[in-house]
Amino acid sequence: MVEPVGNHYVVARPVYSENLFNEEHEKLHRYHKTFWDHLKLYFRCSPQRVKKIAFGLFPIASWLPAYRFREWILSDIVSGINTGLVAVLQGLAYALLVNIPPGYGLYAAFFPVLVYFIFGTSRHISVGPFPVLSLMVGGAVVRLVPDDIAGNGTSTNTSAIDEERVMVAASVTFLSGVFQLLLGIFQFGFFVIYLSQSLISGFTTAAAIHVVVSQLKFMLQLSVPGFNEPLGIVYTLESVFSQITKTNIADLVTSLVVLLIVFVVKEMNDRYKAKLPTPIPIELLVTVLAALLSHFLNFEEKFNVAVVGKLEEGFQSPVAPDVGVLQKCIGDGISIAIVGFAVAFSVAKVYSIKHDYPLDGNQELIAFGLGNIVGGSFKGFASSTALSRSGVQESTGGKTQIAGVISAVIVLIVILAIGFLLEPLQKSVLASLALGNLKGMLMQFKEVGVLWRKDKYDCVIWVVTFLAAVFLGLDIGLAAAVAFQLLTVVIRSQIPSCTVLANVGRSNVYRNRKDYTDIYEPEGVKIFRCASPIFFANIEFFREKLITAVGFNPLRVLRKRNKALRKIRKMLKKGELQVTPKGLICTANHTHESDDELDNNRIEELDQPTNVADLPIQINWGADLPLGITVPRVNIHSIILDFSSVSFLDFSAMRLLQKTLKEFVRINIDIYIAGAHEGFLDKLERCAFFDEEIKPSMFFLTIHDAVLHILLKKDIASSPKLKLTKEKSNNDDYIIITSNGLRSRECM
């Protein structure tokens with residue numbers, strides 16, 4: 001019964017052990033499905049299930065019939081045009097990161113968008129090239145097709161190298177798409193949970209640094225070979241600075257001017273986004289202006305600048321991936337697949353929460369996998385989503401992926417008709433545009449200080465991920481970062497927080513005794529909490545902390561007591577001890593005997609419970625013992641283990657826990673376990689945890705139940721009158737006010 005009194009409540013109920021609670025309250029029998037039950041359910045076929053699967057595989061079938069044409073079409077068209085213009089420029093710019101001709105970036109901005117329109121579940125992300133993925137594909141490209149180190153920079157050699165690199169990029173993209181598709185089919189969309197926000201932030205920041213370094217050769221127009229190996233960024237910078245005197249001043253000045261303009265205008269867009277009807281399309285304006293200046297002022301001949309060059313009109317025939325490349329790039333394919341999905345899903349999740357619609361992680365994997373397979377077949381490179389491009393699509397009013405199709409139409413127009421207008425554009429302008437979109441990633445450095453103040457583990461993960469990705473490369477760095485992150489989880493669970501609790505405010509609240517002043521600790525009772533699962537890796541730590549909390553090692557005390565009993569029996573047999581009403585008195589001079597002599601090659605017997613049945617007197621281990629017999633004093637009689645935070649206990653830990661509890665029981669210390677979750681006792685019973693020494697009756701619903709039970713047991717034992725009253729009473733309810741002020745209403 002609960003009685004509210006103002007902002008307090010008064011609860012009157014029995015002190016419940018788990019057994020007593022289950023006796024008074026009948027539990028429902030629930031049938032737990034087996035693996036075969038789940039398998040049958042998964043493969044069950046019905047019209048409703050077929051419909052659900054069809055709508056799941058083709059999300060377009062669910063949202064397109066409900067499309068509000070009159071309300072949304074204008075917004076989607078405006079958004080699609082803006083997004084398409086940005087996609088064209090980013091496709092050209094990010095192709096430089098892949099180390100292939102810029103025109104192939106348009107294919108990466110076209111095909112995946114159409115595939116995602118049919119199979120994707122997000123309504124707002126813009127699918128296409130992403131700088132981090134482009135750089136990862138470029139690393140594989142440079143590793144398999146290095147620069148012409150012989151210096152034979154003829155047009156024939158350059159064309160052959162470009163063709164090989166395009167084929168490598170397409171094959172790696174196809175492979176990453178296959179991995180994504182398989183992960184989606186086998187329902188592995190959950191794996192993104194292993195990439196924490198700190199890891200993703202540190203990784204993308206490191207990728208931004210790689211992008212900056214990789215674009216220096218286009219901004220300065222230097223012949224810098226690719227270094228796709230650990231410390232490759234150091235070698236790249238060394239190569240850049242060794243050739244710094246060969247810098248093309250025209251490209252450098254153009255890059256700096258474009259960067260300055262882009263940064264200033266983007267800052268204005270951010271600051272006045274509430275007042276601007278649409279963000280200023282600065283990338284488009286800069287590109288048009290730079291192409292016009294380069295064409296009419298003939299920059300290529302006058303200043304020897306590198307330009308985009310001829311863009312092939314139309315599409316190329318689809319090609320099969322190179323099997324040799326696939327065999328050499330399995331690691332690259334896996335890392336690209338994981339990073340691409342993780343970034344896209346994190347962005348999509350932001351918009352799904354903002355606009356309140358569901359996302360399907362497994363379907364997203366299928367959509368991106370098919371997009372990369374199709375894109376790779378048409379000589380594109382890996383796609384995901386870019387934060388800036390998705391921001392444009394959503395902020396300009398995009399409602400659905402109709403905006404994505406409109407953006408693909410804009411890219412199609414450039415591919416088929418007006419691509420030639422971009423031929424005089426300097427590559428340094430594209431490099432600057434790529435860098436101009438990295439502001440958000442580079443600003444993530446601010447997170448280090450915030451994370452350090454909030455969670456030092458997350459801060460260390462961020463820093464380690466950043467350093468690993470910068471110096472080891474993006475592929476090895478990602479693997480190292482994930483391994484380190486999982487290691488921190490193991491460390492945190494292997495070294496759990498263990499505390500001694502005390503009663504706060506004479507209520508049913510128990511907290512860390514070090515944090516409060518108004519505390520009460522029942523005499524002879526220790527309350528110990530472990531805030532972690534207990535398993536094979538941390539059970540020893542748990543045992544050590546428990547021993548430290550109680551102040552003695554129970555096994556050592558048990559052995560000392562058994563040794564003392566051996567010595568007492570030996571002295572009684574020799575007549576050196578005399579039994580008196582006051583206890584045992586030594587009647588002979590003390591003679592020292594070593595522990596080895598007392599062990600008598602029967603060390604295993606010392607770990608057994610003490611047996612005093614054959615002695616003429618009951619031994620009081622808390623009193624003074626005869627001269628020459630010393631046993632550690634034990635000043636507690638009960639231990640309560642708070643298992644409310646123990647989510648699981650594995651078999652290895654269970655065996656050692658049982659052994660530890662038995663050691664305490666054998667030195668006459670009562671053990672109680674409180675707050676164990678549902679099913680905990682059932683598992684212990686299945687694993688034969690209980691015996692004559694460890695019994696189910698030690699389990700209580702709450703810490704307070706266990707404490708009141710101990711105090712009541714102590715009061716009854718110390719007061720024969722109370723015990724007699726209890727036995728004679730016909731009413732099972734009675735009230736006890738213990739000496740410590742805790743009020744208990746007990747039903748026995």
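Glu663 sits well out of reach of the probe: its relative accessible area is 4%, so it counts as buried (under 20% relative accessible area, against over 50% for exposed and in between for partly exposed, with a 1.4 Å probe and protein chains only). The model here is a predicted one, in which local features need pLDDT of at least 70 and side-chain atom pairs count only at pLDDT 80 or more, while totals for chains, interfaces and linings use all residues. Residues are numbered from 1 along each chain as its sequence is written, and side-chain values use heavy atoms, with hydrogens and water left out.

Two salt-bridge partners turn up for Glu663. One is Arg543, with the closest N and O atoms 3.0 Å apart; a salt bridge is taken as a side-chain nitrogen of Lys or Arg within 4 Å of a carboxyl oxygen of Asp or Glu. Since Glu663 belongs to helix 28 and Arg543 to helix 25, the pair ties together parts that are 120 residues apart in sequence. Helices (H or I, at least four residues) and strands (E, at least two) are DSSP runs, numbered from the N terminus. Arg543 is buried, as is Glu663. The other partner is Lys659, at 2.9 Å from N to O. Lys659 and Glu663 are four residues apart in helix 28, so about one helical turn separates them. Lys659 itself is partly exposed, at 42% relative accessibility. Through shared partners, the salt bridges join Arg543, Lys659 and Glu663 into one network.

Helix 28 itself covers residues 651-665. With 15 residues at 1.5 Å a residue, it should span 21 Å, and its end C-alpha atoms are indeed 21 Å apart; the expected span is 1.5 Å times one less than the number of residues. Quite a few of its residues are buried, among them Ala653, Met654, Leu656, Leu657, Leu661 and Phe664. The cover over the buried residues includes helix 25 (539-550), helix 26 (554-574), strand 11 (638-642), strand 12 (670-674) and helix 29 (680-686), with contact meaning heavy atoms within 4.5 Å.

The salt-bridge count comes to 15. Another of these pairs is Arg513 with Glu521, whose closest N and O atoms are 3.0 Å apart. Arg513 is partly exposed at a relative accessible area of 33%, and Glu521 is partly exposed too, at 30%.

On to the backbone. Most residues other than glycine have a negative phi. Asn99, not a glycine, has a positive phi of about 65 degrees. It lies in the loop between helix 5 (69-98) and helix 6 (104-108), and is buried, with a relative accessible area of 14%. Asp356 also has a positive phi, of about 60 degrees, without being a glycine. Its place is the loop between helix 16 (330-355) and helix 17 (361-377), where Asp356 counts as exposed at 71% relative accessibility.

Finally, the surface carries a nonpolar patch made up of Leu182, Ile185, Phe186, Phe188, Phe190, Ile193, Tyr194 and Leu486, with about 800 Å² of accessible area together. Patches take residues with over 30% relative accessible area and no salt bridge, joining like charges within 9 Å and nonpolar side chains (Val, Leu, Ile, Met, Phe, Trp, Tyr) within 5 Å. The areas come from the Shrake-Rupley method with a 1.4 Å probe, and for residues only the protein chains shown count as cover. Within the patch, Phe188 is in the loop between helix 9 (155-185) and helix 10 (197-220); at 38% relative accessibility, Phe188 counts as partly exposed.
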